[in-house]
Amino acid sequence: MPQATRDGVSIYYEYERSDGDGRSPVVFLQGLGFGRWMWRWQREAVADEYDVIAPDNRGTGRSDVGLPPLVARLPGTLRGLVLLKLAGYSIGGLAADLEAVLDDAGVYDAHIVGASMGGMIAQRYALEYSRAKSLTLFCTSHGGPDAAPVPDETQEHMFDAPDGATERQVLRHRMRPAFNERFTNRNPHLIDRILEWRLEQDADDPAREAQAAAVRGFDVSDRLERLRVPTLVCHGTDDEVVPVTNARLLEEKITDSRLELVEGGSHLFFIEDADAVNDLLRSFLDEQD
């Protein structure tokens with residue numbers, strides 16, 4: 001089990017080798033609180049031609065949480081304030097974790113694919129480190145006052161815990177804004193399977209709140225014009241978590257970028273419309289290699 005260490009915190013990652021012809025590996029960075037399961041469709045789509053590196057974000061899956069022990073014992077509201085003001089993660093720190101992973105893996109350059117918070121990590125990483133060969137940004141934002149914020153109703157839903165709900169019911173409730181209702185109604189067995197993956201791999205509440213603090217503090221809006229990495233920006237037009245306006249802002253600010261919108265797509269459009277998105281991703285990666 002490969003693991004990198006930064007600041008005494010162990011970051012777990014998977015490194016799957018392909019039968020490809022020496023192309024740069026593809027790194028997948030998942031969203032807030034989500035485990036590696038989120039990328040299973042895209043990983044399968046590129047695995048024949050590209051090596052795949054899939055880290056667990058700090059606080060997620062098999063990676064260490066790296067928070068003071070006292071934090072987990074605090075009441076929820078107080079814990080949230082402490083994480084936001086004092087002890088939460090930062091996107092810069094999560095990008096540094098990625099650099100530690102790629103250094104440990106001996107990777108010289110890589111295609112970085114990030115969704116939501118993972119897309120934020122990807123932007124910060126490409127701005128501050130030298131190994132990013134390309135960026136693919138799904139359902140994400142450059143942060144800052146110009147970005148379209150997560151709607152208040154969605155934020156409440158994502159962090160709400162209905163009274164008396166089981167852990168599984170809480171996860172289902174919090175996940176609802178990320179999918180189109182039509183998709184969840186048509187795929188009940190897949191949703192049940194996703195809930196099992198989430199119970200196994202997702203961050204617990206303290207780490208999830210620490211990641212949320214990192215998202216709230218993220219802003220590279222005034223730096224993206226310096227980014228010279230080829231970038232594919234993909235977004236669902238019906239994203240209820242990160243409004244699609246953010247994709248257009250990214251395209252405007254990143255010089256070498258291309259925007260692809262998935263009509264009617266949700267926040268997790270790359271799961272709902274996996275075949276079409278995988279075609280876009282493979283085509284873009286092939287252009288860079």
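How many bridges join E5 to E6? The legends below take up that question and then move on to other close-ups of this predicted model.

**View 1. Strands E5 and E6 run side by side in the parallel sense.** The pair is joined by 6 bridges. Look for His111, which stands opposite Ser134 in E6. Strand E6 covers residues 132–138, and 6 of its 7 residues are buried, so E6 is largely enclosed by the rest of the structure.

**View 2. An open sheet is built from 8 strands with mixed pairing.** Reading across the sheet, the order is E1-E2-E4-E3-E5-E6-E7-E8. Strand E1 (3–6) and strand E8 (257–262) are the edges, each pairing on one side only. On average, and with direction ignored, neighbouring strands are turned by 20° against each other. As a reminder for this view, strands of a sheet pair through backbone hydrogen bonds, either parallel or antiparallel.

**View 3. At one end of the strand order, E7 pairs with E8.** Strand E7 spans residues 231–236, and its pairing with E8 is parallel, with 6 bridges between the two. One place to zoom in is Thr231, whose bridge partner in E8 is Ser257. Helix H11 (residues 245–253) lies across E6, E7 and E8, and the helix runs at about 165° to E8.

**View 4. Helix H4 lies across five named strands, E1, E2, E3, E4 and E5.** H4 is made of residues 91–105 and runs at about 130° to E1. The other strands beneath this legend's heading are E2 (9–16), E3 (26–29), E4 (52–55) and E5 (110–115).

**View 5. Helix H4 also meets helix H5 (residues 117–128).** Their axes come within 8 Å and cross at roughly 75°; H4 and H5 are therefore roughly perpendicular to each other. From H4, the contact involves Ile91, Gly92, Leu94, Ala95, Leu98, Glu99 and Leu102. Facing them from H5 are Met117, Met120, Ile121, Arg124 and Tyr125. Sorted by class, this contact has 9 nonpolar residues, 1 polar and 2 charged.

**View 6. Helix H7 (residues 167–175) crosses helix H9 (residues 188–201).** The two axes come within 10 Å, with a crossing angle of roughly 110°. That makes H7 roughly perpendicular to H9, and the crossing is right-handed. H7 brings Glu167, Arg168, Leu171, Arg172 and Met175 to the contact, while H9 brings Ile191, Asp192, Ile194, Leu195, Glu196, Arg198 and Leu199. By class, the residues divide into 6 nonpolar and 6 charged, with no polar ones.

**View 7. Arg174 sits in helix H7.** Is this arginine buried or exposed? Arg174 counts as buried, because its relative accessibility is 12% and the cut-off for buried is under 20%. Beyond residues up to four places away in sequence, Arg174 touches His157, Met158, Phe159, Asp160, Ala161, Asp205 and Arg208.

**View 8. Gln211 belongs to helix H10 (residues 205–216).** With 0% relative accessibility, Gln211 counts as buried. Which residues is Gln211 in contact with, leaving aside neighbours within four places in sequence? The list is Gly31, Leu32, Gly33, Asn57, Arg58, Gly59, Thr60, Tyr89, Met117 and Ala203. Met117 may look familiar from View 5, where this residue of H5 takes part in the contact with H4.

Note on methods. Residues numbered from 1 in each chain as written. Predicted model: local features only at pLDDT ≥ 70, side-chain atom pairs only at ≥ 80, totals over all residues. Heavy atoms only, no water. Axes fitted to C-alpha atoms, helices over the stretch in contact; angles between N-to-C directions. Helix = DSSP H or I, 4+ residues; strand = E, 2+ residues; numbered from the N terminus. Parallel < 35°, antiparallel > 145°, perpendicular 65-115°, else oblique. Left-handed = near helix turned anticlockwise from the far one by under 90°. Contact = heavy atoms within 4.5 Å. Nonpolar A, V, L, I, M, F, W, Y, C, P; charged D, E, K, R; others polar. Pairing = 2+ DSSP bridges. Buried < 20%, exposed > 50% of the residue type's maximum accessible area, 1.4 Å probe, protein only.
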